[in-house]
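Visitor: I would like to learn how to read helix packing and sheets. Can you walk me through a case?

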Amino acid sequence: MKQVVQNYKTGELSVLDVPVPGCKPGGVLVRTAFSLISTGTEMMKVSEAGMSMVGKARSRPDQVAKVMQSVAVNGLPATYRKVMGKLDSYTPLGYSLCGVVEQVGAGIDDVKVGDLVACAGNEHALHAELNWVPRNLYARVPEGLAPRHAAFGTVGSIALQGVRQGEPQLGEVALVIGLGLIGQLVVQLLTASGVRVVGADPDPARCELAEGLGAVACGDPGSAAVENAVAELTGGHGVDQVYLAAGGGSNQPVELAAHLSRDRGRVVDIGKCRLDLPWNAYYEKELDVRFSRSYGPGRYDPEYELEGRDYPIGYVRWTERRNLACFLDLLARGRVDVEPLVSHVADFADAVETYRSLKDGDLKAVAVLFRYPEAAGDGEAEAPAVAVPAVRRGTTAPAPVRSANLPVRLAFVGAGNYATSMLLPHLAQRDGVTLSTVVTTTALSSANAQRKFGFARATTDLDAVLGDPAVDAVFVVTRHSSHADLTRKALLAGKTVFVEKPLALTEEELASVLAAVEESGNDRLQVGFNRRFAPLLREAKSRFGARTGPANLRYLVNAGRLQHGSWYLQQGTEGSRFAGEGGHFIDTASWLLGADPVSVYAVAPSGNEDLQVVLRYPDGSTATLSYVTTGAPGFPKETLDLVADGRVLKLDDFVRASVYFEGSAAGRKRWVSSRLPKARDKGQSAELAAFVKAVRTGGPMPVPLESLVATTAATLAVQAGLAGGAPVTLARTR
């Protein structure tokens, strides 16, 4: 097998072929899927190895003291040989990974072969294809948690143990100094605990990242911004806790901690920074200085770590292993999000070059993952896949026969901002439409919608709407997490359904909707993908004409940042932001290309919400979606270019469109939209008109259900691709 090693004498890094470790009793043999580079601890070790002997001695005075003691006992020649022999040896790197159990040692009964586990330990969770891990240094990964996220288990445990040492309480204010990998996790853990957090770091990008993950304010530790934020949040008293997650030789962190702490505040050292405590400052405030020892109780105890002797839970509630399991649970439940921290995913074969790029500063990263060959075997890895379920209609129920003279009666489930600004204004003024009932979870919101748009009835009772034979169609415009279930219920009730995107947040939710279609025979469903109905884009597509060869499509979505507190940021329950609105852009690309995608490749190069998504189509066409939140607010939100057969279609934010043809004079356009619309028309009005017509006439739905399913599956595949770090095949089921 292969393993990353370093010669501490020369600093040389290598990927060596080494023997496979034996599966000893009391542990398991794990084949690594992803391992995490600690950009703090590991890179400090890598940097030290590249120093001169004098530099090494200065960086490790503790080891120098041991050498001097050995000289006194064993003499200089013997000590020299011992030290040089140890230096001139390969040492391992790594301590946090996720992998698949390949072999179970004697005495292990809590996991089995094939289970996914997260592993810890700088002797057992190494950057290697296979590792033997003792019982108390692994934990089973909860179902549904991506392996690349579970690989954060060890560093998450370090952050969690540090937070436990601070004993945070609801309503307190904390300062986190150092917003690297550990600091970012501490910010999220404190926020999840009901603590308001201020961050300090000289890197503006890390400050911005921490604010996006829950910090109230962040800034350079030397600026007035941090002090002002603390003063405002605490009424001038100072923070309740300070977490030192910084490294380096500066004494600034401990001095800042004293300055911004309240009287009798708590200072917790998690990182490895200089600790020359200013006596007067710490004495006068009687500050409580605490140290956090790595992953938690059990660390450095060979009986616990190697022999598997657990501590009784009644005496030690949170051990190393329990911290590891707790952090994995927080990840699985969406209380902590590590995806924004992933700056780079590298193939394990490129380990040496990755370390070199980190050391030289060419790769600036918070967290870097190594991706290993498929853990299931030594053969060629099978591409990950997301199923595109087949639509089975069973015995299709005929569309209700309606009199053309009767108005279409609509009910709304949900009356939030999008419904009241983009849908209801078009429907309230449309002839032949009656707004029958509005259903919301709060009485006042339904009353407001009734007053503004003239609903005949307002209620909080969903069943009253689904069981009302006078309702022809139901609009589902609630939060994303409820879309699939409400759509399923409405279809089973025999209603025609318009559901805002997304249709589903998981493959299981999508399957449940299609199961309702098959059970009821009711396939009368529309998802709010409105851009294909935009008049300007439809005319441009018509002018572009039919294709004969593959096309390249480029779609830039300048999404911008969300306001703090937006429910779109509740990824644990509502899915990622792209999961919520990405279907719009995938549907538009597929409609323009006249097909559904067959594979999806997604990367997040910036360690934030920015995405690059490449869709591949059956005829060789490709669509590249750039979904960015870090662009300039003044730049247009959506720009699109379609190139094929010597022609180019260009759309500028639904305000202007143009088509260039081969043979045109240089710089001349054969067709340009004749006038600027008074407002951006993204197709909502035309989409609603087509939907109402389908309900009134019983004719086909505006978009085939198969297309809606394919777009939803492709949107789900984006998240699967980010988690797996590889292209995702869209597998059609029969």
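Visitor: At what angle do helix 19 and helix 24 pack?

Guide: Keep in mind that this is a predicted model. Helix 19 covers residues 507-520, and helix 24 covers residues 705-724. They pack at an angle of about 165°. Their axes are 10 Å apart.

Visitor: How are helix 19 and helix 24 oriented to each other?

Guide: Angles over 145 degrees count as roughly antiparallel. Helix 19 and helix 24 are therefore roughly antiparallel. Their crossing is left-handed.

Visitor: Which residues meet where helix 19 touches helix 24?

Guide: Helix 19 brings E507, L510, L514 and V517. Helix 24 brings L705, V709, T712, A713 and L716. By type, the residues of this contact are seven nonpolar, one polar and one charged.

Visitor: Now the sheet. What is the order of its three strands?

Guide: The order is 2-1-4, in an open sheet with antiparallel pairing. The edges are strand 2 (13-17) and strand 4 (90-92), and each of these pairs on one side only. From one strand to the next, the twist averages 50°.

Visitor: How many bridges join strand 1 to strand 4?

Guide: Three bridges join them, and the two strands run antiparallel. Strand 1 spans residues 2-7. Look at Q6: its bridge partner in strand 4 is T91.

Visitor: Which strands does helix 14 touch?

Guide: Helix 14 (residues 351-360) packs on the sheet and touches strand 1 and strand 2. The direction of helix 14 makes about 165° with that of strand 2.

Key: Residues are numbered from 1 along each chain as its sequence is written. This is a predicted model: local features need pLDDT of at least 70, side-chain atom pairs count only at pLDDT 80 or more; totals for chains, interfaces and linings use all residues. Side-chain values use heavy atoms; hydrogens and water are left out. Axes are lines fitted to C-alpha atoms, for helices over the stretch in contact, and angles run from 0 to 180 degrees between N-to-C directions. Helices (H or I, at least four residues) and strands (E, at least two) are DSSP runs, numbered from the N terminus. Angles under 35 degrees count as roughly parallel, over 145 as roughly antiparallel, 65 to 115 as roughly perpendicular and the rest as oblique. A crossing is left-handed if the near helix is turned anticlockwise from the far one by less than a right angle, and right-handed if clockwise. Contact means heavy atoms within 4.5 Å. Ala, Val, Leu, Ile, Met, Phe, Trp, Tyr, Cys and Pro count as nonpolar, Asp, Glu, Lys and Arg as charged, and the others, Gly among them, as polar. Two strands pair if DSSP finds at least two bridges between them.
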